[in-house]
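Here are a few notes to help you find your way around this model. Please keep the structure open beside you and look up each element as it comes along.

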Amino acid sequence: MSKTLIVGEIQEGVLREATLELVTAARELGGDLVSLLIGNEIQDQAGELAKKGGGKVLVADNAAFESYTADAHAQAILKAAQTESPDLILISNTPNGWDVAPKLAAKLDTGIVTDVFKIEQEGGEPVFIRRLFNGKFNGRFRISGSPRIATVQPGAHAAYEGSDSGSVEALDVSAESRTKVVGVRAAEAGGHDLSKAEIIVSGGRGLAKPENFPEVLQPLVDALGAQMGASRPVVDAGWLPHNYQVGSSGQVVQPKLYVAVGISGAIQHLVGMKNSNYIIAINKDPDAPIFEVADLGVVGDLFEVVPALAKAIGEAKGN
Amino acid sequence: MKKILVCLKQVPHKDARLDVRSDGSWIQDDNIKFEINDYDSYALEEALRLKDKGDAEVVVATVGPERAGQSLRTALGMGADRAIHIWDDGLANTDGLGIAKALAAAAKDENFDLVFTGLMSDDANHGVTGPMLAELLDIPHITGVVKTEFNNGEVEVERELEGGALEVASLPQPCLLAVQTGINEVRYASLKGIMQAKKKPLDKKDLGGLGLDAAAVAPKLTVEKIYTPPKGEGAELVEGSADEVAGKLVAKIKELGLL
C-alpha cells in the first residue's frame with residue numbers, strides 16, 4: 001500500500017484551492033493520504049482540510065512558521081516525511097512550492113519532478129506528465145528513489161469536493177530560518193487595470209520590436225475599443241510596463257473577447273487568460289500552444305492580418 | 001574582494017525550430033542554434049552590475065557538452081572574469097540534482113559570497129538546480145528574485161508572488177539568488193569584451209576532477225519520452241488571404257455582439 005503526503009498551503013489565512021486539488025490528485029492515486037499544514041495559529045484551517053478530504057492532517061503550528069521561508073518549511077516537511085515515510089510527496093507548484101520543493105529533494109537526496117499536470121499509474125509506479133519547452137512539448141517522467149517528490153500545477157485537478165472525517169495531529173517541529181521576511185507588497189493598483197475590460201488585445205514577442213505596439217497593435221486596439229495587454233517577454237524586455245502583463249505573475253483576466261497577437265502561449269500566460277469568454281489567436285507557428293486554448297485561430301503573418309483586421313473593423317463600424 | 005558565482009545553462013535558441021527525435025527521447029538538437037538561457041542572462045547581468053559597482057570577481061560555470069563552452073565565452077565577453085566548464089559522459093543523462101552536485105563540487109572550495117542562477121531553464125523548465133545547489137552548499141536561497149539590494153553582508157530582495165504581489169525578504173551572505181526574467185536590462189558583449197574573453201581562464205573539469213563519479217550523479221528523474229501535445233479540440237482555424245481572414249474575424253466579433 002502506498003502512502004502520499006500532501007503539503008497544503010495557506011494564503012492570507014485561507015486554505016488554498018490548490019491544496020484541495022492535491023487532495024484530488026492523491027486520492028486518484030489511491031493508498032493512504034496524510035496532509036501537512038505549516039503556519040502560525042492554523043488549527044481552523046487544519047480542521048477544514050481534515051473535513052475536506054485531507055485524511056490525517058499534521059499541523060506544524062508555530063510562530064516560526066508565521067511567514068513562509070524555504071529554511072523553516074523544508075524542516076517541517078522533512079520532519080513529516082521522516083515521521084510518515086511517504087512514497088510520494090505532493091506540493092503545489094506555487095511560488096512557495098517551487099521554492100521549497102527542490103531544497104527538500106536535495107535534503108532527502110531523492111528525485112523530483114515539477115509542474116506536473118497529470119499523474120498516471122503504470123506498472124505499479126507513478127508516471128508524471130508535464131510540459132516542457134514552455135509548453136511546446138509534453139514529457140512523461142519517472143522518478144527512482146524514495147520518497148518521490150512532485151510539484152503539481154494549480155488548476156490541473158479539480159478541487160476535492162467530498163467530505164470526510166479526517167483527523168488533526170500536531171507535528172512537533174521547531175524551525176529556524178536564515179532568510180527573514182520583511183513584508184509583502186500587494187500588486188500596484190490602478191494605472192492599467194485590465195480586470196474590467198470587455199475586450200483585450202495582447203501582443204507578444206511576435207511583434208518583434210517595441211515600435212510595433214503603437215504602430216501595428218494600437219490601431220486594432222482602438223478599432224475594437226479594447227485595452228492593450230502583453231505577454232511576459234514583452235514586459236521583461238521593457239517594451240511595455242509591468243501592469244500590461246497578462247499571466248500568473250501579472251493580471252488574470254476574463255474579458256468577453258481576448259485577442260492574442262504574436263503570443264506563443266507559455267503556460268504562465270495561458271493561466272492568466274484562458275477563462276476569457278472568447279479567444280482569437282493570431283500566430284505564425286501552427287504548433288503554438290495558444291491555439292489549444294483559442295476558439296478561433298489564424299495561422300499567418302500578424303503584420304498582414306492585424307492591419308487588415310483593424311481596417312475591416314473600421315469599415316464594419318462605418319456601415 | 002567579493003566572489004560571485006553565476007551558474008548558467010546553454011539552451012536551444014528562442015527562434016530555433018524544435019522537433020522531437022524519432023525515438024521521443026528528447027528534441028532533435030544536432031543542427032540548431034543555442035544561446036544562454038534567458039533567466040541565466042539576467043542572473044549574469046545582476047552579478048556584472050555588482051562588479052561594475054565595486055571590487056568583485058565574477059565566475060561563470062556551466063554543466064554541458066562541448067558546445068556549451070561557447071556560452072561561457074559569451075559570458076566572459078560580457079564581463080565575467082573566469083569560467084568553469086563541467087562535462088563528462090557520466091553527466092549526459094543526469095537530472096537537476098546531478099547537475100547541482102557537480103556545481104556544488106566545483107564551488108565548495110571557492111567560498112563564494114554570492115551565487116546567482118536563473119529561476120529555471122527554457123528547455124526542461126524544471127527550476128530545481130538553484131535551490132538544490134544552495135542546499136548542497138548549506139547556504140540559504142530565494143527564488144523568483146526581481147530586485148536586489150546589497151549592504152553590509154545582507155541582501156534584501158523582492159521575490160515575485162502571484163498576481164503582481166511581491167515579497168520583501170532579507171538573506172545573509174553567502175546566499176543563492178535564483179532570478180526571474182526582467183530584473184534588469186541585459187548587456188551585450190562588446191567587440192572589445194569578446195577579444196578580451198579569449199585570454200580569460202576557462203577551466204574544464206570532469207567528474208573525476210570534481211571528486212565525483214557517474215554513480216554519484218546518476219539520475220533519479222528520467223524522461224521516458226517527449227511528444228507534441230495531442231491536439232485537443234483546439235482552435236477553429238480561419239484560412240485565406242489577410243483580407244478574407246479579417247472578414248471572417250469581423251463576422252465572428254459581430255456574432256459575439258461586440259461590434
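How many residues does the contact take from chain B, and how many from chain A?

1. **The two sides of the contact.** Chain B puts in 68 residues and chain A puts in 74 residues. Please bear in mind as you read on that this is a predicted model.

2. **What chain B brings to it.** On the side of chain B that touches chain A, helices H3 (96–107), H4 (129–137) and H6 (242–255) each supply at least two residues, and so do strands S7, S9 (166–172), S12 (221–227) and S13 (236–237). The most comes from H6(B), which gives 10 residues to this side. Sorted by class, the side of chain B that touches chain A holds 36 nonpolar, 17 polar and 15 charged residues.

3. **A sheet with strands from both chains.** Now for the sheet: it is open, has 10 strands and mixed pairing, and runs in the order S12(A)-S9(B)-S8(B)-S7(B)-S10(B)-S6(B)-S1(B)-S4(B)-S5(B)-S11(B). At its edges stand strand S12 (180–185) of chain A and strand S11 (202–205) of chain B; each has a single partner strand, so one side of each is left without a neighbour in the sheet. On average, and with direction ignored, neighbouring strands of this sheet are turned by 30 degrees against each other.

4. **Where the chains join in the sheet.** Which strand of chain B does S12(A) pair with? The partner is S9(B), and the two run in the antiparallel sense over five bridges. To find the place in the viewer, look for Gly183(A), whose bridge partner in S9(B) is Val168(B).

5. **A parallel pair, and a helix on the sheet.** Within chain B, strand S1 (residues 2–7) pairs with strand S4 (residues 56–63) in the parallel sense, over six bridges. Here Leu5(B) stands opposite Val59(B) in S4(B). Helix H1 (residues 38–53) of chain B packs on the sheet, where it touches S1, S4, strand S6 (114–118), strand S7 (141–151) and strand S10 (175–179) of chain B. The direction of H1(B) makes about 150 degrees with that of S6(B).

6. **One residue to look at in chain A.** Gln121(A) belongs to strand S7 (residues 112–122) of chain A. Is Gln121(A) buried or exposed? It is exposed, because 12 other C-beta atoms lie within 10 Å, and a residue counts as exposed at 12 or fewer. Leaving aside neighbours within four places in sequence, Gln121(A) is in contact with Leu29(A) and Pro126(A). Gln121(A) and Leu29(A) are 92 residues apart along the chain, yet their C-alpha atoms are separated by 7.3 Å.

Key
Residues are numbered from 1 along each chain as its sequence is written. Chains are lettered from A and ligands numbered from 1 in the order in which they are written. This is a predicted model: local features need pLDDT of at least 70, side-chain atom pairs count only at pLDDT 80 or more; totals for chains, interfaces and linings use all residues. Two strands pair if DSSP finds at least two bridges between them. Helices (H or I, at least four residues) and strands (E, at least two) are DSSP runs, numbered from the N terminus. Axes are lines fitted to C-alpha atoms, for helices over the stretch in contact, and angles run from 0 to 180 degrees between N-to-C directions. Two residues are in contact if their C-beta atoms, placed from the backbone, lie within 7 Å. A residue is buried if 20 or more other C-beta atoms lie within 10 Å of its own, exposed if 12 or fewer, and partly exposed in between; C-beta atoms are placed from the backbone. Ala, Val, Leu, Ile, Met, Phe, Trp, Tyr, Cys and Pro count as nonpolar, Asp, Glu, Lys and Arg as charged, and the others, Gly among them, as polar.
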